[in-house]
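Me: I would like to learn how to read helices and pockets from coordinates. Can we work through a case?

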Amino acid sequence: MLFATLEHILTHISFSTISIVITIHLITLLLRELGGLRDSSEKGMIVTFFSITGFLVSRWDSSGHFPLSNLYESLIFLSWALYILHTIPKIHNSKNDLSTITTPNTILTQGFATSGLLTEMHQSTILVPALQSQWLMMHVSMMLLSYATLLCESLLSAAILIIRFRKNFHFFSKKKKMF
């Protein structure tokens, strides 16, 4: 019961924090002068990362296996992987433009996981013996990390295509006005 309460609290802390972070991101996209909000956004991402990490560790400790046994746990792990992808560019570069893609992805995956649609899946279940292999758990966790990377790359490429389309459209509309 203690683990279930802890998991519930950590999940809602992370979801509430990421909701505030996405609002701050939208404000900073509209008003670039507010640099202080970007710092609070990054602090919110750190709080959310640690609360999701605490949730995963708590679930691992209470169930006795790595928390990837159902869709709910997999979506929480996918959110955690998106946070990892959010922090990797911050190590090499102080400007993180990838966060405009990773933050909404994280809120959507975590929002779906914590919504009322999957309430029956919030309970941890015992894995069947065929799924208790450490090799299989490693494979599934690497696949989810790969899915997070693929999701970010796909959205980044779509954003680049939209930007190029707008530039070309703007260029051709100027040229058309000249003639």
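The turns below take helices, then burial, then a pocket.

Me: What kind of model is this?

Reply: This is a predicted model.

Me: How does the span of helix H4 agree with its 16 residues?

Reply: Take a rise of 1.5 Å a residue and compare the expected span with the end-to-end distance. H4 covers residues 99–114, so it should span 22 Å. Its end C-alpha atoms are 22 Å apart, which agrees.

Me: And what does helix H3 reach from its first C-alpha to its last?

Reply: H3, residues 71–92, reaches 33 Å. The expected value for its 22 residues is 32 Å, which is close.

Me: Which residue caps the N-terminal end of H3?

Reply: Look for a side-chain oxygen by a backbone nitrogen. Asn 70 is the cap, with such an oxygen 3.4 Å from the backbone nitrogen of Tyr 72.

Me: How many residues of H4 are buried?

Reply: Buried means under 20% relative accessible area. By that cut-off, 12 of the 16 residues in H4 are buried, so the helix is mostly covered. Among them are Ser 99, Ile 101, Asn 105, Gln 110 and Ala 113.

Me: Which helices supply at least two residues each to the lining of the second largest pocket?

Reply: H4 and helix H5 (134–178) do. H5 gives the most, with six residues. The lining has 10 residues, and Thr 100, Ile 101, Ala 159, Ile 160 and Ile 163 lie nearest the centre.

Me: What is the lining by class, and how much space lies inside?

Reply: Seven lining residues are nonpolar, one is polar and two are charged. The pocket holds about 270 Å³ of space.

Definitions and conventions: Residues numbered from 1 in each chain as written. Predicted model: local features only at pLDDT ≥ 70, side-chain atom pairs only at ≥ 80, totals over all residues. Heavy atoms only, no water. Helix = DSSP H or I, 4+ residues; strand = E, 2+ residues; numbered from the N terminus. Expected span 1.5 Å × (residues − 1). Buried < 20%, exposed > 50% of the residue type's maximum accessible area, 1.4 Å probe, protein only. Polar contact = N/O pair within 3.5 Å; in protein donor to acceptor, adjacent residues only side chain to side chain. 1 Å grid on protein atoms, 1.4 Å probe; cavity = no way out; pocket = protein on both sides within 12 Å on 5 of 7 lines; lining within 4 Å. Points joined across faces, edges and corners; volume = space filled by probe spheres on them. Nonpolar A, V, L, I, M, F, W, Y, C, P; charged D, E, K, R; others polar.
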